[in-house]
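Please open the structure in your viewer and keep the selection tool ready. The tour proceeds stop by stop, with each stop naming what to select and what is found there.

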Amino acid sequence: MRLLSWNVQGSVPPAGSKDRIREQASFIGEQLDQPDIVMLNEVTTVQRELWLDLLREEQGYTEVVDTLDWGQELRESNVPPHHEFIHTSGQITAVHEDADAGDLKRRRPSIRNGPWENSEMKDWSTNFPEKILNSKVQIAGQSVDLWNVRTVPGSMYGEEKIKILENVYARITKSDPERCILAGDLNIPKAERADGTVVSWGEDKPESIRERWISAELGVMTGLSDVGLVDAFRHVHGYRDLDTEDTSHESRRIDHIFASESLNPKRCWYDHDGYECSDHAPMLMEFSV
């Protein structure tokens, strides 16, 4: 199986360039040869129907779920705090008709769920619900949890970034899934050292929030190993200094795929040809169930 995770930069401009969207859909089909599962970040809510049509009609992704409807509703809301947020984009997850996968179902969180052991948090705690798309798919007859996530920049939204990370970490570890993939533009970490040390953006934050910020970032970057998820890129390539081809945006590795080790990640790489039509390089992983 081959999986694609890609930030298509749909928030700039908010209305979305139709020509650019067509180029991106064509790139998925022609250059990337239609991966079995596609997980797109930062897809403009304004062009939802165009994206769905291109994926379904031109590229053969017959099963598609998204959070663009949530983003659209919140973008038009005058209810605080949403009137101050820019809800311009959401997530799309799609399964190709030729893949040995199907029965893709979107999951909807509820504030009524939780709290759970050793935590006071509920299942929902972020003002950006459209940034987290949780779904389930059957691959070769086995159920796999899919988490398509994009965190907002901390420099713009502060605590909202760590709320998204905390939410995803808590919900994944609570469910302790047998087979799980988390993919997306997570805007972390600040740096990675050759020995595997992860440097959090939280180290530069005020003391009042520093510990929580670091915990939220490291929880996802390293803590998911507690439920069997590995950093697919590091699992394949090991720890060393990053070269240019190992980065996804502005010479940093902020786009990630974490997968259950039981899914056997075999290859994982960034395709820099994708810079032709986005400011992020597409990330791909080959795995087997």
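**First stop: the enclosed space**

Select V8, Q9, G10, V12, P13, G16, S17, R20, I21, Q24, T44 and W51, which together line the largest cavity. The model on screen is a predicted one. How many cavities of 30 Å³ or more does a search of the whole structure find? The search finds 1. The volume of the largest cavity is about 70 Å³. Rolling a probe the size of a water molecule over the atoms shows where empty space is left.

Now add helix α1, residues 18–30, to the selection. With 3 residues, helix α1 gives the most to the lining of the largest cavity. Colouring the lining by residue character shows 5 nonpolar, 6 polar and 1 charged.

**Second stop: the largest pocket**

Next, turn to the largest pocket, whose volume is about 360 Å³. Its lining comprises 23 residues; select S11, E42, R150, P153 and M156, the closest of them to the pocket centre. Coloured by character, the lining of the largest pocket separates into 8 nonpolar, 8 polar and 7 charged residues.

**Third stop: strands beside β14**

Select strand β14, residues 283–286, together with strand β1, residues 2–7. These two strands are antiparallel and pair over 4 bridges. To see one position in this pairing, label L4, whose bridge partner in β14 is L284.

Keep β14 visible and add strand β13, residues 267–270. Strands β13 and β14 also run antiparallel, joined by 4 bridges. Which residue of β14 is the bridge partner of W269? The partner is L284. L284 is thus a bridge partner both of L4 and of W269.

**Last stop: the cysteines**

Finally, select C180, C268 and C277 and display their sulfur atoms. The structure holds 0 disulfides. Why does C180 form no such bond? The closest cysteine sulfur, that of C268, lies 15 Å from the sulfur of C180, which is too far for a bond; a disulfide requires two cysteine sulfur atoms within 2.5 Å. C277 is likewise in no disulfide, and the nearest cysteine sulfur, in C268, is 19 Å away.

Are C180 and C277 buried or exposed? C180 is buried, because its relative accessible area is 0%. C277 also counts as buried, because its relative accessibility is 4% and the cut-off for buried is under 20%.

Notes
Residues numbered from 1 in each chain as written. Predicted model: local features only at pLDDT ≥ 70, side-chain atom pairs only at ≥ 80, totals over all residues. Heavy atoms only, no water. 1 Å grid on protein atoms, 1.4 Å probe; cavity = no way out; pocket = protein on both sides within 12 Å on 5 of 7 lines; lining within 4 Å. Points joined across faces, edges and corners; volume = space filled by probe spheres on them. Nonpolar A, V, L, I, M, F, W, Y, C, P; charged D, E, K, R; others polar. Buried < 20%, exposed > 50% of the residue type's maximum accessible area, 1.4 Å probe, protein only. Pairing = 2+ DSSP bridges.
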